[in-house]
Amino acid sequence: MAKNYQQSGGMIEVSNKGTDVIKSGSVVMVGTLAAVVIADISAGETGDGFAEGVFRLPKKGGFSLKAGTVAMVKDGVLTDTGGTTIGVVWGDAADSAPAAAVKINMFLPGTLKDG
């Protein structure tokens, strides 16, 4: 095995710099990378987040999502405007659905812009 191997990259460290617990299953940003928190992380503590996979994430009501389109999140909730791109919608979700499946950190060609 390569001597410089560190890990498979499926998880990333998440630091809670806030005052509230980050709940398991919450989507948070680590720089420009989306992470889904594995277990609750208390204020001032560090835990792990999944950096790959498909997760059902809460979405705001009133808009539908189509599989294969860009998924955006704002304040931990999928949104249709004003959010940060976190991946690709993995299954259709009606406007009344409370959540949608998203493959995090997978991006569609042409959706990312160079700085």
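The mean pLDDT of the protein chain is 92, and 94% of its residues reach 70 or more. The model is predicted. By element, confidence is lowest in strand β8 (residues 84–89), at a mean of 94. It is highest in strand β4 (residues 46–50), at 98.

**Overall build**

The protein chain holds 9 strands and 0 helices. From the N terminus, the order of elements is therefore simply β-β-β-β-β-β-β-β-β. The radius of gyration is 15 Å, close to the 13 Å that the globule rule gives for 115 residues, so the chain is as compact as a globular protein of that length. The C-alpha trace spans about 45 × 35 × 25 Å along its principal axes.

Buried residues make up 31% of the 115 residues. The chain exposes about 7100 Å². Carbon and sulfur atoms supply 52% of that area. Among contacts with a separation of 6 or more, 43% link residues 24 or more positions apart.

**The five-stranded sheet**

One open sheet has 5 strands, in the order β5-β9-β8-β6-β7. Its pairing is antiparallel. The edge strands are β5 and β7, each pairing on one side only. On average, neighbouring strands of this sheet are turned by 55° against each other, direction ignored.

Strands pair through backbone hydrogen bonds. Here, 3 bridges join β6 to β7, and the two run antiparallel. One residue pair can be named: M72 has T79 in β7 as its bridge partner.

Residue ranges for some of the strands are listed below.

| Strand | Residues |
|---|---|
| β3 | 33–37 |
| β4 | 46–50 |
| β5 | 54–58 |
| β6 | 70–74 |
| β7 | 77–79 |
| β8 | 84–89 |

**A closer look at L33**

L33 lies in strand β3. Is this residue buried, partly exposed or exposed? The cut-off for buried is under 20% relative accessible area, and exposed means over 50%. At 28% relative accessibility, L33 therefore counts as partly exposed.

Which residues does L33 touch, leaving aside those up to four places away in sequence? They are I12, V28, A51 and N105. L33 can also be placed relative to I86. The two are 53 residues apart in sequence. In space, their C-alpha atoms are 7.3 Å apart.

Technical notes:
Residues numbered from 1 in each chain as written. Predicted model: local features only at pLDDT ≥ 70, side-chain atom pairs only at ≥ 80, totals over all residues. Heavy atoms only, no water. Pairing = 2+ DSSP bridges. Helix = DSSP H or I, 4+ residues; strand = E, 2+ residues; numbered from the N terminus. Axes fitted to C-alpha atoms, helices over the stretch in contact; angles between N-to-C directions. pLDDT = per-residue confidence, 0-100. Rg over C-alpha atoms; globule rule 2.2 N^0.38 Å. Buried < 20%, exposed > 50% of the residue type's maximum accessible area, 1.4 Å probe, protein only. Contact = heavy atoms within 4.5 Å. Areas by Shrake-Rupley, 256 points an atom, 1.4 Å probe, with all protein chains shown as cover.
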